[in-house]
Structures are given as C-alpha cells and as structure tokens.
Amino acid sequence: MSHLALRERLARVGYVADESLAMALHLALALGRPLLLEGPAGVGKTEIAKALAEVQETRLIRLQCYEGLDTSHAIYEWNYQRQLLAIRAEGASEEALFSDKYLLKRPLLEAISQDVAPVLLIDEIDRADEEFEAYLLEILSEFQISIPELGTVKAKARPVVVLTANGTRDLSDALRRRCLYSYVDYPDRETELAILRKRAPGLEPQLAAQIVGVVQGLRREDLEKKPGIAEMLDWAAALAGLGINDLADDRGAVQATLVCLLKTAADRDAAPVEVMDRIIGKVA
Amino acid sequence: MTRFPSRAQGVADRMAGFVAHLRMNGLKLGPGETAEALAALGAVEATDPGAARLALRALLVPDAEGWRKFDDLFGAYWFNAGKQRAATSSAHVRVQSARPTLWRPHLDGEDGAEAAGETTPGDGDGAAEGVDGRLIATRTENLRKRDLRELMDEDSLRAAERAARDLARAIRDQRSRRRKRALRGPALDLRRIQRASLARGGEPIDLFRKARPDRPMRIVALCDVSGSMTVYARVFLAFVKGLIDVDTKADAYLFHTRLIRITAALRDHDSLRAAGRLSLMAEGFGGGTDIGGALNAFADTYAAQALNGRTVVIVLSDGYCTGAPKALAGALARIKRKARRVVWLNPLLGWRDYAPVAAGMSAAMPYLDAHLPANTIEALAALEPQFAKL
C-alpha cells in the first residue's frame with residue numbers, strides 16, 4: 001500500500017491528511033517505528049491515531065501523559081484488594097496471587113499483550129517527566145516489559161506507536177532519533193474546507209467557504225490561542241444550529257458565537273466587531 | 001537531475017552523502033540513519049522524487065526547526081537547487097570532520113568561500129565552492145541585522161550570562177519549610193503510607209517519601225533602552241538574555257516610550273534570529289523614556305500573569321524620565337503590591353557622589369526594596385550577596 005492509498009483510506013474514515021503526514025504514517029507502518037507528531041494545539045494530532053486505528057481495523061489504546069505519571073498508571077499494577085480477599089477467603093498461594101488474574105494492565109502493558117497489533121497513542125508525551133520518557137525509550141525499542149513477579153512479557157504483535165507533543169518541554173534527542181517525525185500545522189484553505197465538508201456534509205457550500213475564510217483570517221491575527229480545527233468545527237455546528245446562512249447577514253449572532261473560536265479574554269478583546277467586520281468583509 | 005560525479009558509488013554512497021549534508025546543516029544524525037533512509041526508500045516509490053522527499057523528511061528530521069529547513073536542503077543536494085554557491089564541477093559530498101560552528105563564517109561577515117576552501121586543501125579541481133552544498137541564502141539578511149548583534153558579542157554575552165546565572169541562583173535557592181510528597185526524599189510520608197497500607201490489609205508495603213520542595217523565585221526583568229541608556233544597553237541586554245536562558249520561568253521586557261515583551265525572542269534557540277527579532281522590537285531604541293508610562297502599561301497588562309508572591313521584579317534603568325514622577329511612583333506602587341520584591345539596578349549609582357535626585361528616581365525610592373549599582377558586568381556579578389538577602 002502506498003502512502004497515497006493510505007491517504008485515501010484515511011479520507012474514507014473521515015480524516016483529511018496532507019501528503020507528508022500520510023507518508024509519515026505509511027513509513028511508521030512499513031518500518032515499524034514510532035511516529036512523533038508535533039504542532040500547535042487543535043490541529044488534529046490525536047485524531048490521527050483514532051483514524052489510523054479505524055483504517056487498520058484494530059484497537060486504539062491511549063495513554064494520556066501528565067506530570068507525575070508513574071509506572072503503576074502507565075504499565076501495570078497488582079490488584080491488591082482482590083489479592084487480599086483471595087488470601088482471606090481461600091488462603092491463596094503466592095503463585096496464585098501473582099498471576100494474570102490479579103494483574104491490572106495499564107495502557108503500555110495492554111498494548112504489547114494484544115494478539116492483533118493495536119495503535120498505541122501516547123498523548124502529550126512532553127507533559128510526562130523525563131524519567132518516564134527514558135523508560136518509554138526502552139519499551140519502544142524492545143517492546144517488552146518485565147514484571148518481577150511474573151517474568152518478561154514480550155509483544156506478540158508490535159503496536160503502531162503514535163506520540164504527540166505540544167512543546168511543553170523539550171524532548172530528549174534520543175527519543176526524537178528513535179521516532180519518525182511529522183510537524184502538523186494548521187491546514188491550508190482547501191484542506192480545511194475538505195475537512196469541514198467531511199465532518200459537516202449538510203452545510204451550505206457558501207457558508208462553509210465563509211467559515212473557513214474567517215477562521216483562516218483569525219489565525220493570521222495576533223492571538224494568544226489560535227482557533228484550531230476542532231474550534232472551527234464547533235463554530236460551524238453553532239452557526240448551523242442557529243440557522244445562519246450568511247455570515248454577513250446577522251452580525252450580532254455571529255459575534256456572539258465567537259465564543260466557540262476565541263477562548264481567552266485577551267483574544268476576545270483582540271477581535272472586536274470592527275476586526276471581524278474586516279475579516280468577514282473579505283470572505284463574504 | 002543530479003549530475004553524479006564519477007567517484008560516486010551508487011545510491012548508498014549518495015545517501016551517505018545526503019546524511020552528511022544534513023549533519024553539516026545542523027541536524028543531529030548518526031551513522032545508522034543512512035541505512036534507515038535506504039530502508040525507507042524501499043518502502044515507497046523511490047523513483048518519485050516527491051515521495052522520496054516526504055519519506056526522508058519524516059525519517060531524518062527530528063524537530064520543527066529541521067522540518068522547515070529540510071525542503072531547501074533536499075533541493076540543494078539532490079537537484080543542485082536552492083541558493084547554493086555556484087557549484088560547477090561537482091556536487092559530490094565528502095564527509096567532513098566536525099565543523100560545528102557551521103554558520104560562523106556568514107555570521108562573522110567573512111567570505112564564506114574562504115572557509116569552505118580551507119576544508120578542501122589540495123583539491124585543485126575547483127570543487128571547493130559549494131562542495132558541501134551548504135545553503136548561503138541567509139547571509140544578506142544577517143548583515144542587515146548586525147546592529148543589535150554587535151550589542152551582544154559572545155564574550156560579554158557569556159560573562160553577563162554567568163553573572164545572571166549566579167544572581168538567579170542567589171534568589172532562587174529558597175527552600176520551603178513545609179514537606180511535600182516526592183519521589184525521593186529524606187523523610188517518610190507516614191500519612192500516605194498508612195493510607196496505602198489499607199489496600200494491603202494494614203501492611204505498610206509501599207513506602208512513600210516527602211521532601212522540601214524548591215520554591216524558586218521568578219524573575220521579571222524590565223530593561224530600559226532609551227537614549228540615556230544606550231551605553232549600558234549592551235550589558236543589560238546580555239544580562240537579561242542570561243537571566244532568560246538560565247531560568248525557564250523568567251520573563252523579560254524592554255521599554256523606551258513603549259513596553260515590549262521580549263521573552264519569546266530571547267528564548268529563541270537560534271541566537272541570530274533572536275537578535276533579529278530583538279532589533280525589530282527595539283524600534284525607537286535610543287529615543288526618549290517614559291518609565292512611568294511603560295511600568296503602568298506593564299501593571300495594566302502583563303502584571304496579572306507575570307507577578308505573584310514569588311516574583312522579584314528587576315528594573316534596569318537610570319531613572320531619567322520624561323513622564324510625570326507621580327505616574328512612576330503610582331506604577332511602582334501597583335507592581336510592589338503584587339510582587340515579592342522590587343529591585344532597581346541603576347548604572348548611575350556606580351558613580352561617586354551620585355544621589356537619586358532626579359525627580360523620577362526620588363519618587364520611586366519609597367517603593368524599592370533595593371536600589372543597587374550596575375554599570376558593568378562585574379558590577380552585576382558583585383550583586384550576588386545583596387540578592388541573596390532579598
């Protein structure tokens with residue numbers, strides 16, 4: 001399967017990928033290497049993993065990283081309560097206690113103990129501590145986890161690993177080297193229009209063009225948080241729900257729906273009626 | 001397509017050359033990458049240059065910076081395109097020994113061809129120019145931006161950075177009394193141990209620890225770059241850059257008649273681009289000052305986020321102000337209310353017999369926790385014990 005075929009199939013499940021992203025995904029599948037996605041918030045980095053799982057017809061296993069994430073939340077933990085109950089109730093032996101029955105699999109262990117290779121999404125890896133990143137490196141290269149009481153669990157099928165990062169902190173060179181890399185930027189007008197058509201097929205073509213034009217215009221303004229694709233879709237849904245067919249018609253309502261796009265007070269002040277009039281005037 | 005030199009041994013050799021070419025242009029790549037790249041080409045339509053470019057980009061680029069540079073580098077190597085020094089006879093790449101400061105020749109303004117020539121002694125076939133396929137497109141722009149970069153030459157930058165680091169440490173090294181949970185720590189966290197032991201039938205199996213957390217002070221620096229400060233601007237900007245580099249949470253602003261946030265520009269890894277961005281921001285550099293107005297603007301806008309009970313505000317200025325002294329006093333009072341300490345570093349204070357008689361300065365005095373001399377890097381470095389007391 002070439003990267004263009006993969007792009008086709010992603011489009012069929014509702015994800016519009018540009019060519020370089022499709023190539024990165026294709027290589028990640030072909031070479032069996034993890035893929036690191038970077039880019040501003042709200043450009044659909046997480047969605048990629050979901051779409052990929054759907055294309056591959058496999059499970060998506062997601063590990064959301066956060067500061068202080070530790071092994072018991074990322075890899076495995078013993079179910080102590082059940083172990084205690086077993087001791088009290090039936091006087092279970094040690095071998096019985098440390099068996100699969102009492103093992104709580106967390107995302108990483110879950111991912112490598114699947115029969116069919118799943119898609120493992122490690123979301124916002126830059127939020128996790130450096131120690132965890134180092135541990136992750138080991139798992140990503142060996143695809144095995146050792147549990148002292150049970151022995152080593154080897155991956156039956158190598159998961160497809162997708163990592164996302166937002167730039168909260170710098171990732172280590174070692175991790176970057178081990179991964180394929182793709183920078184996901186805000187889409188251009190045509191791509192964004194294609195996304196909007198995919199996600200909201202019922203929308204008037206003229207309104208869709210206006211929505212995309214305004215969002216693209218807003219991204220060029222000096223905003224703290226530029227509206228992402230998710231915000232754009234929200235806004236489109238809001239406008240459709242209000243029955244607005246032309247942005248220039250009901251300026252008051254349009255201004256009120258900007259809460260979908262602009263998420264800080266400073267940004268709301270940065271896009272007063274005059275600025276919006278100018279942007280909408282250009283696209284209307 | 002590329003003219004292959006006779007000594008090129010085929011695709012593996014060319015790929016090794018390409019990886020070396022990327023390495024020379026600042027991408028960190030190991031020897032293993034060449035094989036990986038060939039494997040990647042095996043997985044795509046390698047005869048399609050577009051697909052090959054996308055594949056190699058996904059594989060070889062480690063970060064966003066490289067992502068932007070890659071297309072030019074790719075074109076320069078495989079298509080003899082890009083703004084390359086006129087390569088006449090050969091685009092073949094030799095793997096050259098480490099020459100880490102790649103951009104140096106351009107930055108220093110000396111002729112890049114000379115530097116390239118040095119690396120290929122006795123080559124004799126005129127291939128010295130552009131042998132490594134380096135891009136030289138950025139050169140003309142860099143020359144235009146020399147002005148501010150000269151304010152931050154490497155020696156003074158380093159010295160100022162050192163001074164800034166020491167100062168930052170003197171302020172930051174403040175530990176809390178209270179103990180909080182920690183991965184490693186000297187004390188056992190009995191409360192958590194007990195709570196966790198419930199799950200194990202009262203056996204304290206997991207031992208948790210606690211430690212005194214670092215409670216670093218944040219530094220917010222406001223640097224005056226008006227006309228009267230031109231002489232010191234060089235030192236102060238380097239000092240502020242040092243503060244920013246050392247402390248990931250530090251925050252910096254420039255002001256003359258307006259206030260501009262420069263943290264992002266200073267934090268730019270590409271120090272050249274940082275200088276370029278700074279020059280743009282310092283428009284009006286060397287003009288008049290309105291300290292009160294600028295500080296009020298700060299208190300109105302950024303202060304809400306920048307200041308808290310653990311912030312030290314450092315104002316670097318001589319206190320000569322065209323605005324009303326009252327406005328300055330008012331602004332400082334507002335800042336003082338929100339920040340832990342307000343320190344004024346004054347270059348004039350280093351002079352003998354200086355007294356803060358300028359109207360602005362005398363209005364400011366009541367709101368300052370410290371008013372310290374600073375006109376050279378040495379003077380800045382000597383402030384460390386004073387800062388430790390803050």
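**Where chain A meets chain B**

Q: How many salt bridges are counted between chain A and chain B?
A: In this predicted model, the count between the two chains is 4 salt bridges. Over all chains, the same rule gives 21 salt bridges.

Q: What makes Asp173(A) and Lys28(B) a salt bridge?
A: Happily, this one is easy to check. The closest N and O atoms of Asp173(A) and Lys28(B) are 3.2 Å apart. The cut-off is within 4 Å, for a side-chain nitrogen of Lys or Arg and a carboxyl oxygen of Asp or Glu, so the pair qualifies. In general, side chains of opposite charge can pair when their charged atoms come close.

Q: Why is the pair Glu36(B) and Arg33(A) called a salt bridge, and where do its two residues sit?
A: Its N to O distance is 3.0 Å, and the limit is within 4 Å, so this pair meets the rule too. Glu36(B) lies in helix 2 (residues 32-42) of chain B, while Arg33(A) is in the loop between helix 2 and strand 1 (35-38) of chain A, so the pair crosses between chains.

Q: What else is counted between chain A and chain B, and which elements of chain A take part?
A: There are 8 residue pairs in polar contact, with both residues at pLDDT 80 or more. On the chain A side, helix 2, helix 5 (80-90), helix 9 (173-178) and strand 9 (180-183) each give two or more residues. Helix 2 of chain A gives the largest share, 8 residues.

Q: How much area do chain A and chain B bury between them, and which three residues of chain A supply the most?
A: About 2200 Å² is buried, 59% of it on carbon and sulfur atoms. Tyr80(A), Arg177(A) and Tyr181(A) supply 25% of the area that chain A buries against chain B, more than any other three residues.

Q: Why is helix 1 of chain A called roughly perpendicular to helix 2 of chain A?
A: Helix 1 (residues 3-12) and helix 2 (residues 19-31) of chain A pack at an angle of about 105°, with their axes 8 Å apart. Angles from 65 to 115 degrees count as roughly perpendicular, so helix 1 of chain A earns that description against helix 2 of chain A. The residues of this contact divide into 7 nonpolar, 2 polar and 2 charged.

Note on methods: Residues are numbered from 1 along each chain as its sequence is written. Chains are lettered from A and ligands numbered from 1 in the order in which they are written. This is a predicted model: local features need pLDDT of at least 70, side-chain atom pairs count only at pLDDT 80 or more; totals for chains, interfaces and linings use all residues. Side-chain values use heavy atoms; hydrogens and water are left out. Axes are lines fitted to C-alpha atoms, for helices over the stretch in contact, and angles run from 0 to 180 degrees between N-to-C directions. Helices (H or I, at least four residues) and strands (E, at least two) are DSSP runs, numbered from the N terminus. Angles under 35 degrees count as roughly parallel, over 145 as roughly antiparallel, 65 to 115 as roughly perpendicular and the rest as oblique. Ala, Val, Leu, Ile, Met, Phe, Trp, Tyr, Cys and Pro count as nonpolar, Asp, Glu, Lys and Arg as charged, and the others, Gly among them, as polar. Buried area is the accessible area (1.4 Å probe) that two parts lose on being put together, summed over both. A polar contact is a pair of N or O atoms within 3.5 Å; within protein, one must be able to donate a hydrogen and the other to accept it, and residues adjacent in sequence count only if both atoms are side-chain atoms.
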